[in-house]
Amino acid sequence: MNASEKKPKRPGDLEKLFRPASVAVIGASRQPGKVGHDVLANLIQGGFAGRLVPINPATDSILGLPCFPTLADYGQEVDLAIVVVPQSSVLAVLNDAIRAKIKAAIVITAGFREIGNEGAALEQQLVELCTRHGVRMLGPNCLGIINTGTRLNASFAPHMPQTGGISIFSQSGAICTAMLDLATRKHLGLAKLASVGNKADISEVDLLTYLAHDDETQIILGYLEDISTGDKFVKAAEEAASNKPVIILKAGTTAAGLRAAASHTGVLAGADTAYGAAFNKSGVVRADTFDALFDYAQALALQPLPKGDRVLIITNAGGPGTIAADAVEKAGMRVASLAAGTSVLLREQLPRFAAVDNPIDVLGDAAPERYIVALQSAQNDPAVDAILVILTPQVMTRPAATAMALAMHLDGSKPVVASFMGGTDVMPGRSQLTGAGLPDYDSPERAVAALKAMYHYALWKNRPPRMVTRFPVNSRRVERIITRRQRTGRLHLDEVKGKAVLNAYGFKIPKGALAAGPEEAVEIAERIGFPVAMKIVSPDIINKSDLGGVQLNVGDGEMVEDLFEMMLLKIARKVPAARIDGIYIEQMIGKGLEVIIGMNRDPQFGPMLMFGLGGIFVEVMKDVTFHLAPITETEAIQMLKSTKSYAMLEGRRGKKGVDIGAIASGLQRISQLTTDFPQILELDINPFIVGDIGSDPLVADVHMTLAALK
């Protein structure tokens with residue numbers, strides 16, 4: 001267990017890390033190119049105004065500063081110690097520094113958990129030492145930190161960035177330096193930077209919590225390879241995203257998140273899906289590429305959030321305008337329809353051959369004034385929520401003048417992004433755009449992707465208050481079933497027990513009973529009423545249909561008797577070792593739309609709910625959506641709306657829709673069940689038969705897997 005799991009942290013816990021009055025560099029060096037030299041040089045050159053204390057027993061002066069053998073020899077308390085000594089010496093020097101009353105430590109030295117068990121054991125000793133004395137530790141195996149507000153460059157990064165509102169944390173030191181370089185090239189200033197390295201103590205959760213309350217931070221950017229405490233991450237990220245945008249690039253997936261799974265839900269729910277669901281729930285803007293990280297940061301840092309999804313495109317060429325319109329539609333937003341008055345005004349002020357619909361084509365010879373006419377019209381039009389300005393280099397084009405004119409006429413009422421396409425011909429305009437506060441992208445698609453990120457973040461920010469419904473249920477019945485199964489080691493619940501669990505949580509189950517022999521099967525069928533379905537029940541058989549273990553529309557007692565014997569023989573031939581509990585006789589279900597709802601328990605984030613339409617939509621198109629439990633009714637309905645097949649649920653082109661609220665209720669009930677019972681690892685209702693509005697959906701089949709007793 002690391003230190004961050006042992007005690008709750010407050011934002012102030014990291015104050016001495018980011019705002020120390022004094023810094024010691026333990027392992028400072030006189031030799032340029034050594035990390036201990038470069039860290040100290042960065043502190044001096046960055047302009048840090050506090051006390052700097054080099055520690056090195058081999059010299060009495062480094063870079064003009066008096067040097068001491070140990071912190072104890074210095075004789076005064078120091079807030080922050082930066083440890084840059086060989087791996088074998090780290091524990092000893094950190095122990096000496098703690099005796100000298102340091103408040104925080106940065107261990108830059110590598111050679112710990114990343115090299116294997118021996119390094120991991122040593123790393124754990126560092127954590128235990130710091131935890132015992134209340135010292136917060138960043139690293140080991142990290143780049144360090146930067147705080148431009150105090151001119152603190154406590155890292156071996158190549159330069160101090162310009163001051164701004166973006167704060168960065170990264171699990172990779174190399175990605176940290178790449179982020180610094182890109183921020184400089186894009187004229188974006190930074191507030192803080194932290195390389196978390198091995199996250200032995202200070203993790204992304206601590207940094208999110210701190211930066212959420214940091215007045216100098218307006219945007220939080222992160223690069224992560226794993227998240228160690230999923231529930232704490234979601235809570236911290238949600239708190240941060242409620243205050244300011246959080247944009248994270250998540251690379252790789254954890255082996256712990258990938259398990260063999262028998263159900264559709266398990267097969268479709270990989271570790272990366274869980275991260276996506278966690279980010280969606282907590283309001284994190286997910287960047288899929290390194291470029292997207294700063295694309296989104298530019299837009300969110302420089303422009304207001306859109307009030308809706310209606311995008312207006314201004315261009316000086318038809319082709320790029322068409323590309324942009326396609327990108328808007330593919331992003332799930334709308335190409336805005338201009339108000340009638342706007343079109344009239346544009347027709348009066350633009351040349352005869354200019355297009356005044358959307359995209360607005362101001363023509364290839366457009367001077368800055370034409371762009372301003374279109375921009376101001378769009379800003380004044382209530383039917384427009386966001387604006388994309390495209391400029392292509394042509395002989396008559398004046399990129400720099402156009403850039404300055406656009407920047408001067410922004411009124412801040414809605415987001416405006418630009419795509420100055422091309423290379424050296426538009427570079428003067430490109431740099432002036434960014435410097436003037438207008439995000440610029442080298443293609444319309446990237447600009448639209450940034451608008452989409454802004455729109456989805458705005459939707460999350462404006463979401464209604466979360467009200468999780470608690471249904472009246474029979475949890476004691478479920479507890480008895482689960483406990484008995486875990487004790488006997490039968491961890492795959494058969495259809496009979498699975499439906500009993502669901503029935504206890506309010507799901508409508510068709511009439512049915514388990515038959516041990518053909519005569520009993522006939523009795524049950526006659527009691528239920530024909531036609532019936534017959535299904536083999538075995539803890540060793542998951543996919544019954546594939547093995548001939550399901551017979552539908554059985555019309556009379558004689559057929560029931562014959563099929564009973566035939567099904568048993570068929571299963572015995574195909575799966576001779578399978579244990580057979582009997583055959584389940586069930587009322588045939590009427591027609592309806594087949595959907596799949598379920599849950600896969602992610603080891604990091606807990607119950608992950610799934611919805612998808614049956615048949616080809618799941619098998620081939622993988623048109624499914626996920627959300628972390630617990631879930632509200634609004635979130636459940638939003639799950640349905642996020643699928644490509646939602647139109648089939650609504651009913652269009654003369655076809656009747658189904659009861660969407662009933663599906664949402666089913667997801668909420670699964671959410672409650674799997675939150676109440678963490679023993680349930682997988683749950684798959686397939687199919688869930690949904691009918692007209694007001695009708696009860698029915699559970700046709702269910703698979704459920706339990707955790708083994710520990």
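## Strand S8 and its two neighbours

Let's start in the middle of things: strands S8 and S9 run antiparallel and are joined by four bridges. Keep in mind that this is a predicted model. Within this pair, Ile145 has Ala154 of S9 as its bridge partner. The two strands form a hairpin with four residues between them, and there Arg151 takes a positive phi near 55°.

S8, which covers residues 144–147, also pairs with S11, residues 190–195; this pairing is antiparallel too, with three bridges. Ile145 turns up again here, standing opposite Ala194 in S11. A little further along, Asn147 has Lys192 as its bridge partner in S11. As a bit of background, strands of a sheet pair through backbone hydrogen bonds, and they can do so in a parallel or an antiparallel way.

## The whole sheet

Now zoom out. S8 and S9 belong to an open sheet of seven strands, and if you walk across it you meet them in the order S9-S8-S11-S10-S12-S13-S14, with mixed pairing. At the edges sit S9 (152–155) and S14 (285–287), each of which pairs on one side only. From one strand to the next, the twist averages 15°.

## What covers S8

Which residues of S8 are buried on its two faces? Gly144 and Ile146 are buried on one side, and Ile145 and Asn147 are buried on the other, so both faces of this strand are covered.

Helix H6, made of residues 173–185, lies across S8 and S11, and also across S10 (163–170) and S12 (219–224). Its direction is at about 165° to that of S11.

## Cysteines without partners

How many disulfides does a search of the whole structure find? The count is zero. For reference, a disulfide is a covalent bond between the sulfur atoms of two cysteines.

Why is Cys130 not bonded to Cys142? Cys142 holds the closest cysteine sulfur, but that is 12 Å from the sulfur of Cys130, which is too far for a bond; the cut-off for a disulfide is within 2.5 Å. Cys176 is in no disulfide either: its nearest cysteine sulfur, again in Cys142, is 8.9 Å away.

Are Cys130 and Cys176 buried or exposed? Cys130 has a relative accessible area of 1%, so it counts as buried, given that buried means under 20%. Cys176 is buried as well, because its relative accessibility is 0%.

Notes: Residues numbered from 1 in each chain as written. Predicted model: local features only at pLDDT ≥ 70, side-chain atom pairs only at ≥ 80, totals over all residues. Heavy atoms only, no water. Buried < 20%, exposed > 50% of the residue type's maximum accessible area, 1.4 Å probe, protein only. Pairing = 2+ DSSP bridges. Axes fitted to C-alpha atoms, helices over the stretch in contact; angles between N-to-C directions. Contact = heavy atoms within 4.5 Å.
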